[in-house]
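Work through the exercises below with the sequence and the coordinates at hand, attempting each task before reading its solution.

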Amino acid sequence: MGSDDKPLSGPDLERGIAWSELREGTPFVGHAQGEAVLLVRHGEQVFATGATCTHYSGPLGEGLIEGESVRSLGITRASACAPAKPSARPR
Ligand code: FES
């Protein structure tokens with residue numbers, strides 16, 4: 001279970017995934033250390049951030065990728081949502 005008691009989905013990212021599983025600009029959701037993680041490939045880089053919006057816990061894996069940002073389409077689809085910039089880069 002994730003920190004929000006939602007079941008975790010996708011692969012265990014601590015075990016690694018094939019590069020070919022990541023498609024340019026397409027959200028990929030997995031988990032690490034009990035937390036849902038969103039990965040987005042942008043060229044030769046992969047950005048990672050929590051997969052749950054800090055606003056009303058919308059699923060960022062269903063969000064819109066805009067360059068290096070992800071826009072939540074969670075609970076508040078009809079209202080303006082501030083984009084969240086991915087917070088980590090691969091090592
Ligand atoms: S749930 Fe993400 S902006 Fe509202």
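**Exercise 1. Describe the hairpin formed by S1 and S2, including its turn.**

Solution. S1 and S2 form a hairpin with two residues between them, and Gln 33 in that turn has a positive phi of about 50°. Strand S1 covers residues 28-32 and strand S2 covers residues 35-42, the two pairing in the antiparallel sense over five bridges; strands are DSSP runs of E with at least two residues, numbered from the N terminus, and two strands pair if DSSP finds at least two bridges between them. Within this pairing, His 31 has Ala 36 as its bridge partner in S2, while Ala 32 stands opposite Glu 35.

Before going further, note the conventions: the model is predicted, local features need pLDDT of at least 70, side-chain atom pairs count only at pLDDT 80 or more, and totals for chains, interfaces and linings use all residues. Residues are numbered from 1 along each chain as its sequence is written.

**Exercise 2. Extend the hairpin to the sheet and identify its edges.**

Solution. Start from S2, which pairs with strand S3 (residues 45-50) in the antiparallel sense over six bridges. In this second hairpin, two residues lie between the strands, and Gly 43 takes a positive phi near 70°. Across the pairing, Val 40 has Phe 47 as its bridge partner in S3, and Leu 39 stands opposite Ala 48. Combining the pairings gives an open antiparallel sheet of three strands in the order S1-S2-S3. S1 and S3 are the edges, each with a single partner strand, so one side of each lacks a neighbour in the sheet. From one strand to the next, the twist averages 35°, an angle between N-to-C directions, on a scale from 0 to 180 degrees, of axes fitted as lines to C-alpha atoms.

**Exercise 3. Find the largest nonpolar core and the element that gives the most to it.**

Solution. A nonpolar core is a set of buried Ala, Val, Leu, Ile, Met, Phe, Trp, Tyr and Cys residues joined through C-beta atoms within 7 Å, where buried requires 20 or more other C-beta atoms within 10 Å of the residue's own, with C-beta atoms placed from the backbone. The largest such core has 11 residues, among them Phe 28, Val 37, Ala 51, Cys 53 and Val 70. S2 gives the most to this core, with five residues. Ala 51 touches residues including Val 29, Ala 36, Leu 38 and Leu 60, leaving aside those up to four places away in sequence.

**Exercise 4. Decide where the coordinates deserve caution.**

Solution. The protein averages a pLDDT (the predictor's confidence in each residue, from 0 to 100) of 83, and 75% of the residues score at least 70. The mean is highest in S1, at 97, and lowest in strand S5 (residues 69-71), at 88. Over residues 78-82, however, pLDDT stays under 50. Where pLDDT is low, the predicted coordinates should not be read in detail.

Notes
Helix = DSSP H or I, 4+ residues; strand = E, 2+ residues; numbered from the N terminus. Buried ≥ 20, exposed ≤ 12 C-beta atoms within 10 Å, placed from the backbone. Contact = placed C-beta atoms within 7 Å.
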